[in-house]
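Trainee: I'd like to get better at reading a structure feature by feature. Could we walk through one together?

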Amino acid sequence: MRLNYSANAKISLSASGGVEFRQFANSSGSNVSPVYELAASYQPFDGTSLTLSGSRRTMNSASLAGQDFAETTINFALNQRLVQRFFFGFAAGYTNSDYFSTVSGFTANRNDNFYYLDPSIDFNVTRFWTFGAYYVHRENSTSFSSFSFTDNQVGIRTKLTF
């Protein structure tokens, strides 16, 4: 099911959702899980936008055999034009990954909590060319200590739009 709604020129909402049915080989059962994506956008002023989004989905584990995981995510983004050509951006998000077994007789007990912070600044050099810089802090705390990490990145970017 999918729904898009524009309340007015400043507010828009979107949602999609359903139910996922997974059956596992070798009579190890099945899993029924809700899946959805939700988003809300708000533009209080010209040059300002706020976005809040969330989702839930089920995915296969690439690192742990016989396990899948339910991933629930929430993200927030703010974009603000500072002067005619400068733009400030800030994004933050959180993801929880809860693992479950796809093999009978095996217990999955991994749980990940991941978050990120991403401030940025961009400059419109011309109407078609943007140049910017960003910083990203990412951190994952997990019940399996070998998968935990903290990461910091600084970078520059450029974009040509045609």
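Trainee: Let me start with charges: which residue forms a salt bridge with Asp122?

Mentor: One thing up front: this is a predicted model. Now the general idea: side chains of opposite charge can pair when their charged atoms come close. Here, the partner of Asp122 is Arg157, with the closest N and O atoms 3.0 Å apart. Asp122 sits in strand β7 and Arg157 in strand β9 (residues 149–160), so this salt bridge ties together parts that are 35 residues apart in sequence.

Trainee: And are those two side chains buried or exposed?

Mentor: Take them one at a time, and remember that buried means under 20% relative accessible area. Asp122 comes out at 15%, so we call it buried. Arg157 has 32%, which makes it partly exposed.

Trainee: What stands opposite Asp122 in β8?

Mentor: That's Gly132. The two strands involved, β7 and β8 (residues 129–142), run antiparallel and are joined by eleven bridges.

Trainee: Okay, zoom out for me. In what order do the strands form the sheet?

Mentor: For a sheet, follow the pairing from strand to strand, then look at the ends. In this model nine strands make an open sheet, ordered β1-β2-β3-β4-β5-β6-β7-β8-β9, with antiparallel pairing. The edges are β1 (2–6) and β9; each has a single partner strand, so one side of each has no neighbour in the sheet. From one strand to the next, the twist averages 10 degrees.

Trainee: Back to charges, then. How many salt bridges does the structure hold?

Mentor: Seven. Another of them joins Arg57 and Glu71, whose closest N and O atoms are 3.2 Å apart. With a pair like this, ask where each partner sits: Arg57 is in strand β4 (residues 48–60) and Glu71 in strand β5, 14 residues apart, and the pair links distant parts of the chain. Then check the cover on each. Arg57 is partly exposed at 43% relative accessible area, whereas Glu71 is buried at 13%.

Trainee: Which residues are linked in a network of salt bridges?

Mentor: Glu20, Arg22 and Asp68. Within that group, the side chains of Glu20 and Arg22 meet at 3.1 Å, N to O. Glu20 is partly exposed, with a relative accessible area of 22%, while Arg22 is buried, with 15%.

Trainee: What about polar contacts? Which side chain does Ser33 meet in one?

Mentor: Look for Arg56: a polar contact of 3.4 Å joins the two side chains. Ser33 belongs to strand β3 (residues 30–42), and its relative accessible area of 4% makes it buried.

Trainee: Last one: which residues form the nonpolar patch on the surface?

Mentor: To read a patch, list its members, then see which elements supply them. This one consists of Leu52, Ile74, Phe76, Tyr94, Tyr115 and Leu117, which together have about 500 Å² of accessible area. Two elements each give two or more residues to the patch: β5 (67–81) and β7 (111–124).

Trainee: Could we take one member as an example? Where is Phe76 placed?

Mentor: Phe76 is in strand β5. Its relative accessible area is 33%, so Phe76 counts as partly exposed. The cut-off for joining a patch is over 30%, so Phe76 qualifies with its 33%. β5 is also where we found Glu71, the salt-bridge partner of Arg57, so now try tracing that strand yourself with both residues marked.

Notes. Residues numbered from 1 in each chain as written. Predicted model: local features only at pLDDT ≥ 70, side-chain atom pairs only at ≥ 80, totals over all residues. Heavy atoms only, no water. Patch = residues over 30% accessible without salt bridge, like charges linked within 9 Å, V, L, I, M, F, W, Y side chains within 5 Å. Areas by Shrake-Rupley, 256 points an atom, 1.4 Å probe, with all protein chains shown as cover. Salt bridge = Lys/Arg side-chain N within 4 Å of Asp/Glu carboxyl O. Helix = DSSP H or I, 4+ residues; strand = E, 2+ residues; numbered from the N terminus. Buried < 20%, exposed > 50% of the residue type's maximum accessible area, 1.4 Å probe, protein only. Pairing = 2+ DSSP bridges. Axes fitted to C-alpha atoms, helices over the stretch in contact; angles between N-to-C directions. Polar contact = N/O pair within 3.5 Å; in protein donor to acceptor, adjacent residues only side chain to side chain.
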